[in-house]
Amino acid sequence: RAGLVNDVLVLARVGKQDTTTALDFINFLSNEREYTVWVSALSELGYIGTMLTTEYDFGLYKDFMNELLVDVVDYVGWQTLLPPNTTSTHNQSLLRASVLDFAVSFQMPSVINQALELWSNLKENGTEIKPDDRQAVYCAALHFGDETDYNFLFNMLMNTDNAAEQKRILYTLGCTREFYLLKHTLDISLDSSIVRPQDQRTVIAGVSANPLGRDLAWNFVQANFEVFNTLGFSLSSLITIVTSPFNDEFHLQEVETFFSIQQTLGASMAVEQSKETIQANIEWMENNAPQIREWLNSNFAN
C-alpha cells in the first residue's frame, strides 16, 4: 500500500495524473494505521500544503487534512497521556510524532487544545512531556502563545545538554507568529555559544518552514552569505532549505539575480537545482492550483 500511495501522489506531482484524482484516492488513509503507508503520503501532502499556503483556499486544504488525520490521531494518542505501565506499539510510536506534527501544522483543534494543555502543565507544574509529543507541543505553544512562551522554551534550550532535545527546540523556535521572535531565532544561529555550527541549518529550516518566516529566512541567508559560504557541503543543503518553498516568478528572479553575482563554494549544483525546483513549483501551481481549488470548494466549502 505504501508503494501505491507514493506512486499515485508522485505521478500527480509530476503531472502524469490529476492531483484531484490522487486526493480522492487517498481518502482511504483515514482508516490506515501503518507507518510506512502514512510516511509515504505525508511527504507529498506536505508539499501540496506548502504550495498552497499563500492561496485563499488553503483553509479548505486544512479542513481536508484535518478530516484525513482525525482517526489516525486518535490511534497514535499522546505518549504523555498513556496510563502508567502502558507502552505503545512500535508502529504507534513511529507514527505518533509525524502525525501529531502534521496535525499541529494544519491546526487541528483537538490536537492544538491538548498540546496547549500539556504545555501549560509543563510551565506551571513541571509535568514532563514525553519525547514523542514534544515537537508538536512546543510548536503549538509558540504558534498560539506569546513572548513568555518563547522565552520559556528558549530557557529550556539553554538548560539542556541533550543534543536531540536541543535540535528539537532549535527547530520549533521557528513556529512563533511574531516576526521579531523569528528574527531573533535566526540571529542566534550565528551565536556559537548558543547554536553549534552543525545546527545552524536546523534553526533556519524551522523558520523557513513557517510561511511567515520564508522570506525572513531567505533574506537572512542572503545578508549573511559570507558566513554561510564557508560551510562546504552544508551550504548546498542550506540553499535547498530556503529556496524550495518558493513558487512564483518574483522569487525565481530573486534567486537567479542573487546567485548570478554571488559565487558559491562547492554549491553550484545546489543553486541550479534550486532554480529548477522553483520553476517546477511554478508549473505545478499553474497546472494544479485551479483544479485543487475547485475540488476543495466542491468537497469542503460550507
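**Exercise 1.** In this predicted model, find the partner of Glu 55 in a salt bridge, and state where the two residues lie.

*Solution.*
Step 1. Glu 55 pairs with Arg 293, and their closest N and O atoms are 3.0 Å apart. A salt bridge requires a side-chain nitrogen of Lys or Arg within 4 Å of a carboxyl oxygen of Asp or Glu, and the pair is listed as one.
Step 2. Glu 55 sits in the loop between helix 3 (35-52) and helix 4, while Arg 293 belongs to helix 16; the pair links distant parts of the chain, 238 residues apart.
Step 3. Glu 55 has 23% relative accessibility and counts as partly exposed. Arg 293, at 32%, also counts as partly exposed.
Step 4. For context, the whole structure contains 12 salt bridges.

**Exercise 2.** Trace the network of salt bridges that includes Glu 165, and give the burial class of its members where available.

*Solution.*
Step 1. Start from Glu 165, which forms a salt bridge with Arg 134; the closest N and O atoms are 3.4 Å apart.
Step 2. Place the two residues: Glu 165 is in helix 9 (residues 163-172) and Arg 134 is in helix 7, 31 residues apart, so the pair links distant parts of the chain.
Step 3. Glu 165 and Arg 134 are both buried.
Step 4. Extend the search through shared partners: salt bridges join Glu 128, Lys 130, Arg 134, Glu 165 and Arg 168 into one network.
Step 5. Within this group, Lys 130 and Glu 128 form a salt bridge with closest N and O atoms 3.5 Å apart. Lys 130 is partly exposed at 31% relative accessibility, and Glu 128 is partly exposed at 45%.

**Exercise 3.** Which side chains make polar contacts with the side chain of Asp 132?

*Solution.*
Step 1. Asp 132 is located in helix 7 (residues 131-143).
Step 2. Its relative accessibility is 16%. Buried means under 20%, so Asp 132 falls in the buried class.
Step 3. The side chain of Asp 132 has a polar contact of 2.8 Å with that of Arg 96, and one of 3.2 Å with that of Ser 93.
Step 4. Leaving aside neighbours within four places in sequence, the contacts of Asp 132 are Gln 79, Ser 93, Arg 96 and Ala 97.

**Exercise 4.** Classify the ring pairs Tyr 61 with Phe 64 and Phe 64 with Trp 295, then identify the cluster that holds them.

*Solution.*
Step 1. A pair of aromatic rings is described by two quantities, the distance of the centres and the angle of the planes.
Step 2. A search of the whole structure gives 18 aromatic pairs. In one of them, Tyr 61 and Phe 64 have their centres 5.7 Å apart and their planes at 45 degrees, and the pair is tilted.
Step 3. Tyr 61 and Phe 64 are 3 residues apart in helix 4, which means that about one helical turn separates them. Tyr 61 is buried at 0% relative accessibility, and Phe 64 is buried at 1%.
Step 4. For Phe 64 and Trp 295, the centres are 5.3 Å apart and the planes are at 85 degrees; the pair is therefore edge-to-face.
Step 5. Phe 64 in helix 4 and Trp 295 in helix 16 (residues 268-300) are 231 residues apart, and the pair links distant parts of the chain. Trp 295 is buried, as is Phe 64.
Step 6. The three residues belong to one aromatic cluster made of Phe 58, Tyr 61, Phe 64, Phe 102, Phe 106, Trp 295 and Phe 300.

**Exercise 5.** What are the phi values of Asn 85 and Gln 107, and how exposed are these residues?

*Solution.*
Step 1. Asn 85 has a phi near 65 degrees, a positive value in a residue other than glycine. Asn 85 lies in the loop between helix 4 (58-76) and helix 5 (90-105), and at 85% relative accessibility is exposed.
Step 2. Gln 107, likewise not a glycine, has a positive phi of about 55 degrees. Gln 107 lies in the loop between helix 5 and helix 6 (109-125), and is partly exposed at 29%.

**Exercise 6.** Which residues form a nonpolar surface patch with Val 14?

*Solution.*
Step 1. The patch consists of Val 10, Leu 11 and Val 14, with about 230 Å² of accessible area together.
Step 2. Val 14 is in the loop between helix 1 (2-13) and helix 2 (19-25). Its relative accessible area is 54%, and Val 14 is exposed.

Notes. Residues numbered from 1 in each chain as written. Predicted model: local features only at pLDDT ≥ 70, side-chain atom pairs only at ≥ 80, totals over all residues. Heavy atoms only, no water. Patch = residues over 30% accessible without salt bridge, like charges linked within 9 Å, V, L, I, M, F, W, Y side chains within 5 Å. Areas by Shrake-Rupley, 256 points an atom, 1.4 Å probe, with all protein chains shown as cover. Helix = DSSP H or I, 4+ residues; strand = E, 2+ residues; numbered from the N terminus. Buried < 20%, exposed > 50% of the residue type's maximum accessible area, 1.4 Å probe, protein only. Polar contact = N/O pair within 3.5 Å; in protein donor to acceptor, adjacent residues only side chain to side chain. Contact = heavy atoms within 4.5 Å. Phe/Tyr/Trp six-rings, centres within 6.5 Å; stacked < 30°, edge-to-face > 60°.
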